[in-house]
Structure formats: structure tokens, C-alpha cells
Amino acid sequence: MAPAQSNLARSTALLTSMQTKGGAAIVGTLFALLYLRRKLAQAAQDAQDKRGARELLVPTRGRVSKVVIRPTKASTFARHRPLFRKPPPTPASSSASSSKPAPAPAAAGASAQRVGVNREFFRQLGAILRIIIPHATSKEVWLLGAHTTFLLLRTYLSLLVAQLDGKLVGDLVSANGRGFLEGLAYWFLLAIPSVYTNAMIRLLQSKLAISFRTRLTRYVHDLYLDRTNTFYKVVNLDSRIGSSGADQFVTTDVNRFCETLSALYSNVSKPSLDLILFNIQLGRSIGGRGSALLLASYAATVWILRKVTPAFGKLAAIEAKLEGDFRAAHSRLIINSEEIAFYDGAPIEKDILTRAYLRLIKHINSIFKIRILYGMTEDFVIKYLWSASGYCLISIPVFFPKAKKLAQAVTAGSDTSTKVDTASSVALEAASRGDGLSVSQRTQNYISNRRLLLSLADAGGRLMLSWKDLSELAGSTSRVYTLLSTLHDLSGSTYAALPRPADLAPDQPFYDLGSLNGLLVDDAPAAEGVSFDKVPIVAPAPGVAHGGEELVKRLSLRVRPGEHLLITGGNGSGKTAIARVLAGLWPVFEGVVARPADEDIMFLPQRPYLSNGSLRDQIIYPHSYPDFAKSGKTDADLMEILRKVHLSYLPAREGGYDVRKEWKDILSGGEKQRMGMARLFYHLPKYGVLDECTSAVSTDVEGSMYQHAKDVGITLITISHRPSLFQHHLYLLRLTGDHGQWEFTKIGEADQDLSFQKEIESLKSKLAEVESWKARLTDIDDELHFKA
Ligand SMILES: Nc1ncnc2c1ncn2[C@@H]1O[C@H](COP(=O)(O)OP(=O)(O)OP(=O)(O)O)[C@@H](O)[C@H]1O
């Protein structure tokens, strides 16, 4: 609260001073109040964000270190959200769209953009840079500063080395032994800072990449695993991330982006700096015309390379997607290994994996082919065109000896080939006759300039090559941007809006994710219970023209404390869908859903989930050990819970509560479900939504667990087909499966009995017909026998 107090003091002082200034005081007071309110809200938000900090124990190299993770502030997300929106549509695309305004999310547009080094790339890069370099004093700026310093130092050292090189050869030519030994001593002295500088450049580049990656990964995790279950929406309510899965984006693409970006910085800044400094240095020796010739040669190079550069960015993005598909296919195999093994499905799974691999390899091979032409041009331009420019410089004083100014340029030489050296020595003699310099001085100049020219060629070459890196960066930038904009949209529940199809009848509802009119109140008082008010239960269909499918028509009901509800209905009638809407996983298209806050309601899904961790972690999930320690509960309490679900033998059998195993492979189907019930008894919520979570448990154990749940005060909302569970509930919601119709009755009520009675009578009348069908069958048999 300290910042809030200091703000208060500042605002009070502001108010006091305002009083003395007559008419302006009222306006000033208003401003001060507004300022105070904003600052207090900010302080409250910051305090809340700090409260969300978590302390993690991370094992590294035999030690466990404590890391405090502070979540990204909500205000930061709010500030960044507009940066990850789709750019305004072009007139052509907007005229083609529907009459309905479409608040479409970002990446749908971003992915449709051409991937390459263009304006959109720089816009996307700018948005991501705001995340990885959050402010002017952040760690990354210091790293960049240190990196740049070492890059400057290396260029300076290269200049010194070039001069020293010239001096050493000059001393050799003039047989100056003392000067030569001195030069050699300087040479070794220079070697020390040079090797240190090179090592630091590599280290700082890696540090920068890791730092970028940490920032991006944490940011992505905060969005992906937020309170609105964005990770679920990415898979179920959106199609942008696609089959390769968010894991590929978060692990591989983010890493590739960060490494390419930090490498690109040194690949661009160092040669650019070299080009400028070496050019200035050389310009002193070779004069304006020599420099102009060199610049013309660079310009021609850039022009040729730009013309022949393929769309490396797009190719890199496709490659990353195909890598993701291949990886996702392997993950599916691991997750479903037992089911696949039971079905003997190895051959078909192998075909699926091989197909995914071949698609990837074919793409990579096609890139190789494209690269041949590019590589040839690149080699030709950088190695041969530039050498030819060097030859031209050398030839001028040989063929035109009067060109005095250029004579000096001649001494620079241009290539490492012996031809160049021969030509240069001819020129050297010609020049020395003209300007009166000694041969040793001329040699010294020649060697220094030649080294500078070679460094210049190398810097230019590297700068050209970095164009390719930049194109590849465009590919990974587009992938990372797609991930971030998808997460921002889904976290803020913004979905792509589609126009109502023209062929949809006017009385047909159109459930589009882009226009949600419903409301989910997820912090209603527990005493109010759970309620649905005219809520259609709709299976969302992202990107499908006809919208989502209505499974249950305008559902209205309320479950108050103690009014246990059983939901039944045929397969696929929408029972689990009701739980999904209640949990906030599927959107509320219309009407109002109200439920208590997260700590008062717990959902047990159809498929039991067992996490990574110890046996204790399985019981207390989704709590972590520190939460357990804080709760004041003990292992004895856990044993009591395990007894209630008939799993008390587990700690002794598995070696205690701390033992860590792959629990999903160890526990049987029924045991996994009973573990789910153990979690319910550990957390003791006021409401429990149990979705067929005891279907593999024997009826007697199931009955005792339901009874215990009621005894400890949990109001049950159960989804089940089992008639044996009727006795534990007060109300029944039956989904009839007839065009989304449903019945809500009190169990044991007259009209419900009537409905069962009707069903029994219909079945009896059908059974009565069986006798007449049997008689007819006998007649036909007799007739056939007679004929034979
Ligand atoms: N993510 C999804 N997107 C679109 N449709 C879905 C999705 N998940 C399920 N559905 C469809 O919604 C319908 C209702 O599914 P739900 O899981 O609610 O059935 P259920 O009544 O619980 O059935 P069961 O008794 O078999 O569990 C099914 O037709 C199903 O195919």
C-alpha cells in the first residue's frame, strides 16, 4: 500500500495548493480527484498482480532453487491488445465482406498477409519487441548496449590489426628487425582483447536470445494458462493455431524467433559498422573515385540479390508448421499408446507418421532446390563480382599510369589471388616512381589497405547474407505473432464474426461466435445456487458458415443448495455440453448462466486426469504442495479421504505419498475415477458437477461415495445413465434427444411417474406384438417345409 499512500500525499498537496487559486480550484480539484482515483485503482491492481506471484522450486544441477514468478500485469495485456489486432482491411477486401460489421480477430488477417520482409513484418516485429524489450531500462537494453560496445571494440581492433599487419610487412621489406619484433609484440598484445571480445560477443548474443525467450515464454504462458482457460479455447473454439498445436509454437517457434533475432542484430550491426568505418578509412587512401567504384559495386550486388531472393520467410513458416504436424502426430501416439496397442493399430499409425514426415521432407527438399539458384547467384556476386571490381581498381594505374590519385587505390589490391598480387606489385612500382614514397612505405600502405578491402568485402558479403536471415525472421515472426494475437483474442473472448448465411431460414437461429449475446455470472452467491435462464446449449463451430449446432433448446432451471440434480439423456444429446457452458468452456450464446465462484464449485470430467507429480499431488490437484501445507490438512486427513473412496491401500502399495510415478499408466480405470472423487472430498466445494465420473466404479462403492458427498454438504449435479443414482438426487433433467427438447421434473413426482408409466406401456404393447410375430414366423417355416 506504500505507493498508494505516497500518491495520496501527493494528491492532497495538490489539492491544498489549488485552494489558493480561486476559480481554477474547482477544475483542479476535479483533476486531482480523477488522478487520485486512477492511481488508487492502479495501486490496487498492482497489489493484486503481486499477490498472484508464485514461488516455484526448480531442480538444476543437483540443487533446488527457488524462483519467484510474477504474472504479467493485466494492464500490460490491455495495453498490448491493440498491437495484436488485425490491420484495417483494404478497400477491396472490405467491399467483398458481408453487410454485418465484423470485429474479427487479428491473426486471421495476419496469416492471410503475405509473409516476407514488408511493412506488415515490421509492424508485427514492433509489436513483439514491446514484449521482449518492455522498457528503456530493462535487462535486454543493457545486454544490447554491452553487445554493441563489444561489436564497436571488435571493429576498432580490426582497424588496428590492419595497420599492424601493414607495419609488420613494411618492416620486413625494409629489413627493420627491431621494428618487426616490436610489431610482433603488439600483435600478441592485440590478440588478448581480440579473443576476449569475440568470446563476449558470442556470449552476449546467446544471453540476449535466452532473455528474449524467457520474456516471450512467460508472457505466452500467462495468456495461454489464464483464468479463462485460453488453452482450451485455442483447441476447441478457434482454428488459427491448427493441427500443429500450440506446443510447437511455444517451444520451437518462439525459440527460433529469439535466436534468429539476436543473431540478426550482430549479423547486421557489425558488418554495417565495418562498412562505414572501413570505407572511411579506405577512402583516405583510395580517394573519392575509388570509393565510388566500390559503392557502385555494392549497389549492383544488392540489386541482383534482391531480385533473386526467394520467399524464404514463407518457406520457413511452412516448414515450421510441417515440423509441428509431425511432432503432434508423435504426441498423439504417446498419449493414446494403450488404446492403439489394443486395436493393433501400429501399421496405420506408422502410415500417418510417415505421411507427416514425407510432407515435411518434400518441403525441405523443395527448399534445397530453390536454394541452388540463389546460392549460385550469391556466390557469383559476392566472390566474383566483387573481386572483379578489385581487379578493375588495380588495372587503372597499370593501363592509365597518369591517374595519380588512383595510383594509391591500386596499392589497395582487392583479392587474395596471386594474380592480384602480381598486378599490384607492377602497379606498386609504377606508383612509387610517381609519388616519391619509399617501397617499404608503399608496401605498408598496400598491405593495410588490402586487408581493409578484404574485411570490407567480408562485411558486405555478411550483410548480403543477412538479407536471407531477415526473410527467415519474417517467417518466425509471423508464427509468433499469430500465436500471440490468437491468445490475446481468445483470452479477451473475441472471436471471428461470420455473416449470417443467405440460405438460412429466418426462423432458424444463427449461433455465431462473433456475436455472443449471453452472459455468464461466475461469482454468484453460493446460496443462490446454479441457474440457467433461457440458455440454448450450442456446440460452437469456429469458422463454419452455418454457425454452431443447437443441442438443447432455451434451458431454464435453478439448483439451490441441497437440491441435487441428475441429468440424463441419450449419447450426444448434450449432457456434457451443459457442464461445459456452466464451466465457461463453451460460450453462452443467449440468456444468463449464474454459478458460484471457482472455489465453491468443482467439475469432475468424464475422462479422469492424473497430473505429473506425487501420489499426494493426485489427491490435492489442482492444489500444489505449498497450498496443501497452508491448508493445515495432513497426510492422515488424506488417508481418511482415500478410505472413503476405497483407495486406502495405495500409499502402502506405491511407497508413500511422496513417490512420483506415471499415475495414468499405473491406476486402473475405476481407480482413476475414485481418485477424482477423492479430490472432491479434499476440496469440499459447495457444488460438485460430476460428469459420468463414476461409470467404471462398481455400483456399491459408487453409492457410498455419493452418500458421503451429500453428508459433507456437497450439492450434486450429476450426469449419468445409471438408474441406481436416482435415489441420490432430488431433480431430474432429461434431454429427450428430440430436437433439443428437455424435461425438468422432481424425482418421484406424479408427472414424472406418468412419463415413465407411458414409456412402460409403450414397451408392453410392443412386447405383446412379439407373440403374434413369433406365430407368423412359425407359419412361414411350416410353409417352407411343406414346399420342400
Ligand atoms: N468441441 C466440440 N465442438 C463441436 N461439437 C462438439 C464438441 N464436442 C462435442 N461436440 C458434439 O456435441 C454433441 C454433444 O456432446 P456431449 O459431449 O455433450 O454429449 P453427451 O450427451 O454428454 O453424450 P455421452 O453420453 O455420449 O457422453 C455431440 O454430438 C458431440 O459430437
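In the predicted model, Val 521 stands opposite Ala 594 of strand 7. This pair belongs to the contact between strand 3 and strand 7, which run in the parallel sense and are joined over 3 bridges. Strand 7 (residues 592-594) is also joined to strand 4, in this case by 3 bridges and in the antiparallel sense. Within that pairing, Asp 533 has Val 592 of strand 7 as its bridge partner. Strand 4 (residues 530-539) is in turn connected to strand 5 (residues 549-559) by 7 bridges, and these two strands run antiparallel. Here Val 535 is matched with Leu 555 of strand 5.

Taken together, these strands form an open sheet of 4 strands in the order 3-7-4-5, with mixed pairing. Strand 3 (519-521) and strand 5 are the edge strands, each pairing on one side only. On average, neighbouring strands of this sheet are turned by 25° against each other, direction ignored. Helix 17 lies across strand 4, strand 5 and strand 7, and runs at about 115° to strand 4.

A further open sheet has 6 strands, ordered 8-9-10-6-11-12, again with mixed pairing. Its edges are occupied by strand 8 (601-604) and strand 12 (742-746); each has a single partner strand, so one side of each is left without a neighbour in the sheet. The average turn between neighbouring strands in this sheet is 15°, direction ignored. Strand 9 (residues 687-691) pairs with strand 10 (residues 715-719) in the parallel sense over 5 bridges, and Tyr 687 stands opposite Thr 715 of strand 10. Helix 17 packs on this sheet as well, touching strand 6 (565-569), strand 8, strand 9, strand 10 and strand 11 (731-735). The direction of helix 17 makes about 145° with that of strand 9. Helix 17 thus has contacts with strands of the 4-stranded sheet and with strands of the 6-stranded sheet.

Helix 17 (residues 575-583) also contributes to the surroundings of the ligand, where it supplies the largest share of the shell, 3 residues. The ligand is surrounded by Asn 236, Ala 539, Leu 551, Gly 569, Asn 571, Gly 572, Ser 573, Gly 574, Lys 575, Thr 576 and Ala 577. By class, this shell comprises 3 nonpolar, 7 polar and 1 charged residues.

Elsewhere in the chain, the unreviewed UniProt entry lists residues 20-36, 141-164 and 184-204 under "transmembrane region". In the model, residues 141-164 are 100% helix and 0% strand, with the end C-alpha atoms of the span 34 Å apart. The span of residues 184-204 is likewise 100% helix and 0% strand, and its end C-alpha atoms lie 30 Å apart.

Ile 318 is located in helix 11 (residues 312-335). This residue counts as partly exposed because 19 other C-beta atoms lie within 10 Å, whereas a buried residue would need 20 or more. Ile 318 and Glu 339 are separated by 21 residues in sequence and by 32 Å in space, C-alpha to C-alpha.

Note on methods
Residues are numbered from 1 along each chain as its sequence is written. This is a predicted model: local features need pLDDT of at least 70, side-chain atom pairs count only at pLDDT 80 or more; totals for chains, interfaces and linings use all residues. UniProt positions are given in the numbering used here, feature names are shortened, and annotations may be inferred rather than shown by experiment. A residue is buried if 20 or more other C-beta atoms lie within 10 Å of its own, exposed if 12 or fewer, and partly exposed in between; C-beta atoms are placed from the backbone. A residue is near a molecule or strand if its C-beta atom, placed from the backbone, lies within 6 Å of it. Ala, Val, Leu, Ile, Met, Phe, Trp, Tyr, Cys and Pro count as nonpolar, Asp, Glu, Lys and Arg as charged, and the others, Gly among them, as polar. Two strands pair if DSSP finds at least two bridges between them. Axes are lines fitted to C-alpha atoms, for helices over the stretch in contact, and angles run from 0 to 180 degrees between N-to-C directions. Two residues are in contact if their C-beta atoms, placed from the backbone, lie within 7 Å.
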